[in-house]
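I am opening my notebook beside a new structure today. Follow along and look things up with me.

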Amino acid sequence: MNIWIAIGVTVVGCYLVKLAGLLVPVGALERPLVKRMAALLPVALLAALTAQQAFADGRVLQLDAKAAGLAAAAVALLMRAPFLVVIAAAVVVTAGVRALTG
Amino acid sequence: MVRDALGVGVAVGLSGFAFGVTSAGSGLTVLQTCALSLLVFTGASQFALVGALAGGGNPFTAAAGAFFLGVRNAFYGLRLSQLLALPRAVRPFAAHWVIDETTAVSLAQPTRRSARIGFTVTGLSLYLLWNLTTLLGALGAEAIGDTDVWGLDAAGPAVFLALLAPMLRTTTERAVAAIAVVAGLGLLPVLPAGVPVLVAALAAPVVLYVEGRRSAAKRVTEAGADDDAPPNEAQNARPDEAQKGDR
């Protein structure tokens with residue numbers, strides 16, 4: 001049930017912000033500070049989420065094969081690999097390290 | 001142009017597979033996973049939500065993280081409403097397709113007509129593929145059983161990193177990211193699940209505030225032009241006042 005509540009709230013919230021952009025008058029969101037905030041908010045959220053999902057299991061910090069996978073993804077990104085190659089690198093390296101150490 | 005739009009649609013649509021797998025691996029049912037892709041249809045928010053739910057967060061903190069990631073779509077909508085000049089009756093339907101990729105393709109077009117075609121083709125191909133591959137990923141994950149053995153739990157953070165990397169252009173973005181990582185990990189053991197991400201999001205206003213103070217101090221000494229300042233306004237006083245007012 002909790003999962004459906006979370007889905008419902010996310011569906012409504014995400015749709016309304018999309019719609020808001022199309023409906024609000026141009027001046028409302030065009031202030032420099034608001035734009036800067038909108039650009040930086042995803043940076044903070046994505047950075048925190050990346051770190052948590054790679055270096056934690058629930059609420060416990062841990063270093064496991066996923067860290068190696070994320071490092072592989074980072075290398076792929078530095079080499080300007082396509083999106084899917086980046087994801088594949090993370091998955092393959094994580095599975096490989098797990099198979100070798102598990 | 002149509003081939004460009006289709007290319008973007010196909011490439012990103014396939015990553016829906018990664019979402020389906022991640023979501024099913026996080027304990028959501030196939031129906032719940034597909035509902036997210038059909039009705040939310042903004043990838044980063046979906047990944048964030050299933051990640052937060054897997055971590056045991058309460059539904060509202062989990063949804064809050066997803067919501068804040070979706071806020072950027074409002075700014076895409078703003079650009080698109082000027083560019084596409086959609087009739088009011090069409091906007092509630094078009095809104096569902098206002099995401100990173102449709103915006104990128106539309107903004108790259110030279111004319112309004114080609115922007116509209118780009119938006120529609122990208123939106124439609126992405127929507128169909130994203131949902132189809134989500135379903136396949138979720139079914140596949142159920143068939144596999146333990147997705148961790150295949151390293152598929154690394155897909156989520158890798159997607160986030162791939163979305164984040166192009167944003168880290170200047171010191172400001174890197175500072176925000178660094179503070180968010182430290183806060184997100186450091187607070188994880190002490191705050192309820194889902195809350196540390198929201199606290200980490202405060203890195204954005206904190207860094208903006210520090211940056212504002214610095215450029216204000218600089219402006220007092222050199223009183224020069226600033227690229228954030230509106231070109232036809234009194235440049236020395238106004239940006240500082242505007243920033244205080246916003247806070």
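These entries go from chain B as a whole to the places where its parts meet each other and chain A.

**Entry 1: what am I looking at?**
I noted before anything else that this is a predicted model. I then asked how many helices and how many strands there are in chain B. I found 13 helices and zero strands. Reading the elements of chain B from the N terminus on, I wrote down α-α-α-α-α-α-α-α-α-α-α-α-α. That was a quick line to copy out.

**Entry 2: inside chain B.**
I looked up how much of chain B is buried. Of its 247 residues, 49% count as buried. I also checked the contacts in chain B with a separation of 6 or more, and residues 24 or more positions apart account for 68% of them.

**Entry 3: two domains.**
The domain assignment of chain B gives me domain 1 (2-167) and domain 2 (169-247). Where they touch, twelve residues come from domain 1 of chain B and nine residues from domain 2 of chain B. Which helix gives the largest share of the domain 1 side? I found helix α4 (residues 59-70) of chain B, with five residues. I sorted that side of domain 1 by class too: six nonpolar, six polar and no charged residues.

**Entry 4: a helix pair inside domain 1.**
I turned to α3(B) and helix α9 (residues 155-164) of chain B. Their axes come within 10 Å and cross at roughly 145 degrees. I noted the crossing of α3(B) and α9(B) as left-handed. From α3(B), the contact uses B:Ala44, B:Phe47 and B:Gly51, while α9(B) brings B:Gly156, B:Val159, B:Phe160 and B:Leu163. By class, I have five nonpolar, two polar and no charged residues in this contact.

**Entry 5: helix α5 and its partner α7.**
Next I picked α5(B). It packs with helix α7 (residues 100-107) of chain B at an angle of about 35 degrees, with the axes 10 Å apart. Is the crossing of α5(B) and α7(B) left-handed or right-handed? I have it down as left-handed. In α5(B), B:Tyr76, B:Arg79, B:Leu80, B:Leu83 and B:Leu84 meet B:Thr103, B:Ser106 and B:Leu107 in α7(B). This contact has five nonpolar, two polar and one charged residues.

**Entry 6: a residue in α5.**
I zoomed in on B:Leu78, which lies in helix α5 of chain B. Buried or exposed? I counted 23 other C-beta atoms within 10 Å of B:Leu78, and 20 or more make a residue buried, so B:Leu78 is buried. I also looked up its distance to B:Val98, 20 residues apart along the chain: the two C-alpha atoms are separated by 9.8 Å.

**Entry 7: two residues with a positive phi.**
B:Phe41 has a positive phi of about 50 degrees although it is not a glycine. I found B:Phe41 in the loop between α2 (30-39) and α3 (43-54) of chain B. B:Phe41 has 25 other C-beta atoms within 10 Å, so it is buried.
B:Ala85 also has a positive phi of about 50 degrees without being a glycine. Its place is the loop between α5 and α6 (91-94) of chain B. Here I counted 10 other C-beta atoms within 10 Å, and 12 or fewer make a residue exposed, so B:Ala85 is exposed.

**Entry 8: chain A meets chain B.**
I looked up how the two chains touch: 65 residues of chain A are in contact with 87 residues of chain B. On the side of chain A, the elements that give two or more residues are α1, α2 (32-55), β2 (60-61), α3 (65-78) and α4 (83-101). Which of them gives the most? I found α2(A), with 22 residues. By class, this side of chain A has 48 nonpolar, ten polar and seven charged residues.

**Entry 9: back to α5, from the other chain.**
Helix α1 (residues 2-23) of chain A packs with helix α5 (residues 72-84) of chain B at about 30 degrees, with their axes 7 Å apart. Angles under 35 degrees count as roughly parallel, so that word fits α1(A) and α5(B). Their crossing is right-handed. B:Leu78 turns up again here, as one of the α5(B) residues in the contact, and A:Val17 and A:Leu22 are among those of α1(A). I sorted the contact residues into eight nonpolar, four polar and one charged.

Definitions and conventions:
Residues numbered from 1 in each chain as written. Chains lettered and ligands numbered in written order. Predicted model: local features only at pLDDT ≥ 70, side-chain atom pairs only at ≥ 80, totals over all residues. Axes fitted to C-alpha atoms, helices over the stretch in contact; angles between N-to-C directions. Helix = DSSP H or I, 4+ residues; strand = E, 2+ residues; numbered from the N terminus. Parallel < 35°, antiparallel > 145°, perpendicular 65-115°, else oblique. Left-handed = near helix turned anticlockwise from the far one by under 90°. Contact = placed C-beta atoms within 7 Å. Nonpolar A, V, L, I, M, F, W, Y, C, P; charged D, E, K, R; others polar. Domains from an automatic or database assignment.
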